[in-house]
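Visitor: Could you pick a single part of this one and take me through it closely? I'd like to see what it sits against, and then what lies around it.

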Amino acid sequence: MKTLKLTVNPLDKRSKINKEIYSNFSEHLGRCIYDGIFVGKDSDIPNIEGYRKDVIEALKQIKLPVLRWPGGCFADEYHWQDGIGELSGRKKIVNSNWGHVVEDNSFGTHEFLRFCELVGCEPYISGNVGSGTVEELAKWIEYITFDGVSPMADLRKKNGREKPWKLKYLGIGNESWGCGGNMTPEFYCDNYRRYSTFCREYSGNKLFKIACGPNADDYNWTDVCMRNIGTWGMQGLSLHYYTVPTGNWEHKGSATEFSEDEYYETINRTLFMETLLTRHGGIMDRYDPQHKVGLIVDEWGTWYDVEPGTNPGFLYQQNTMRDALVAAINLNIFNEHSDRVFMANIAQAVNVLQAVLLTEGNTTVKTPTYYVFDLYKEHQDAQLIYSHIENETAYGNIPCVSHSASIAEDGTVTLTLSNCSLDKEFTADIGAAFGEISAASGRILTGEVHALNTFEQPENVTIKPLDVKTGNGRAAVVIPPCSVMALTLK
């Protein structure tokens, strides 16, 4: 077994790892909202005010910081006034983006913001720039946040909410280069400046405005946005990148049946996130050397062909240890770039794409990806510290071990590690620069790469305790193939 030397330096503190990096995304798509989050008060499924109780508890367990809504592509066809007031009076529309099913708007602004209250997370609303108007978005912000007398505040009170909500995160458009309007970056920037101007800050509420950024490696889009908007009127610039194993959007590959070659190609494409953050971050540095504008990776994760027999427009896919490795690698990369990455939102929360939760009837399954978020949650709001490993490679030049380290206020170090190799096991020999490790503990998620959790076997893949040895001021741990772990060092 190969021994890899790993060094952490608690004295070399880098950037804060914003808790928002561990956020999620929910869209009116398939069974994410209905059946996934919201079942209605009259449902036999255990619920709190119509929201699945098990989903609320599961998201609280991983300390979900932010939830993005209502899309996605759905956002730029969503007209918020269709989703307020008495349920009987809400419009039924066709969800033309996702399966052409009827959307009855029973889950709207009040329902979303109440769900965020129950989970204890910040809401992130994506505004309609594609098919909406400046007035419509301006009124939505007023409706949500104004504590005074006005037509929108009065309407909110009439609909049962006396006091306004606090809304921090506002996305002005979604994928404006594609489903959000097929705009050029120059045209989008002009629209952003116009829409942003009328998104007022009411009653002490402070908006963190997020512009629609690039699709993957569209570096020109970032350059135009930073040049034409820059620090003038945005606090964040979004980035979307999905790991598609085949690189072919027509035939993306199966979530559960894949070869070794397909597995390593998935990991290789996941690692492209490092290149994207480096290059987009470099462009942003030219215009914003002080890092006032955050890179917001508000859609990321794996995207496969849908599960056989399910609606193609619902994007329902299973979740294996392969997805756990993808999540771990991405989160380690975000941590390492936390000087520029302010937030990241995996797609999506429930029943869609790389979901952290799957639901069916009364049962909710925690996916391998969910457990990665559970392992990594101690990084939230900790300080990134220097760490280095003498790594090995797999399948050519793919680094076997991905890692990141942070330190909490009490001096506790969290070290997260993943081993993407399917056949190489390592021992990590861990030392702390300018100090000694006196105690260590750990947790691990591991299994055969195709292993998954089903409704029949919901705990086939789950977190287990990890044996970490200490002595002579150092720590040592075995890193099995296809594993993700979190260590606590003191």
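Guide: What follows is a close look at helix α9 and its surroundings.

A quick word on ground rules: this is a predicted model, where local features need pLDDT of at least 70 and side-chain atom pairs count only at pLDDT 80 or more, while totals for chains, interfaces and linings use all residues. Residues are numbered from 1 along each chain as its sequence is written, and side-chain values use heavy atoms, with hydrogens and water left out.

Let's start with the core. The largest nonpolar core holds 137 residues, and W300, F334, I430 and L487 have the most contacts inside it. Such a core is a set of buried Ala, Val, Leu, Ile, Met, Phe, Trp, Tyr and Cys residues joined through side-chain atoms within 4.5 Å. Buried here means under 20% relative accessible area, exposed over 50%, and partly exposed in between (1.4 Å probe, protein chains only). The biggest giver to this core is α9, residues 321–336, with ten residues. Helices (H or I, at least four residues) and strands (E, at least two) are DSSP runs, numbered from the N terminus. There's also a second, separate core of twelve residues, with L29, L315, A347 and V352 among them.

Now for the sheet. It is open and has ten strands, in the order β23-β22-β26-β20-β19-β16-β1-β21-β25-β24, with mixed pairing. Two strands pair if DSSP finds at least two bridges between them. At the edges sit β23 (464–466) and β24 (469–471), each pairing on one side only. Ignoring direction, neighbouring strands are turned by 25 degrees against each other on average. In the sheet, β19 (residues 401–407) and β20 (residues 413–419) run antiparallel and are joined by seven bridges. If you want a register mark, H403 stands opposite L417 in β20.

Helix α9 packs on this sheet, touching β16 (383–389), β19, β20, β22 (440–446) and β26 (483–489), and its direction makes about 50 degrees with that of β19. Axes are lines fitted to C-alpha atoms, for helices over the stretch in contact, and angles run from 0 to 180 degrees between N-to-C directions. Helix α10 (residues 368–376) packs on the sheet too, touching β20, β22 and β26, with its direction at about 165 degrees to that of β22.

It's worth pausing on L487, which was named in the core. Leaving aside neighbours within four places in sequence, L487 is in contact with V413, T414, L415, L417, I430, S441, G442, L466, V468 and V477. Contact means heavy atoms within 4.5 Å.

Then there's the helix partner. α7 (residues 260–270) and α9 pack at an angle of about 20 degrees, with their axes 10 Å apart. The two are therefore roughly parallel to each other; that label covers angles under 35 degrees, with over 145 roughly antiparallel, 65 to 115 roughly perpendicular and the rest oblique. The crossing of α7 past α9 is right-handed. A crossing is left-handed if the near helix is turned anticlockwise from the far one by less than a right angle, and right-handed if clockwise. On the α7 side, the contact is made by E262, Y263, T266, I267 and T270, and on the α9 side by R322, L325, V326, I329, N330 and I333.

Follow the chain out of α9 and you meet R340, in the loop leading to β13 (341–347). It's an arginine, yet R340 is buried, with a relative accessible area of 4%. Not counting residues up to four places away in sequence, R340 touches G281, M284, D285, D288, H291, V293, G294 and L295.

Go a little further, past β13, and the backbone has a couple of features to look at. The peptide bond from A347 to Q348 is cis, with omega near -5 degrees, and Q348 sits in the loop between β13 and β14 (357–360). N351 lies in that loop as well, with phi near 65 degrees, a positive value in a residue other than glycine. At 0% relative accessibility, N351 counts as buried.

Finally, Q348 is one of the residues touched by E27. E27 is in the loop between β2 (23–25) and β3 (47–48) and, at 2% relative accessibility, counts as buried. Besides Q348, its contacts include G71 and G72, and the peptide bond from G71 to G72 is cis, with omega near 10 degrees.
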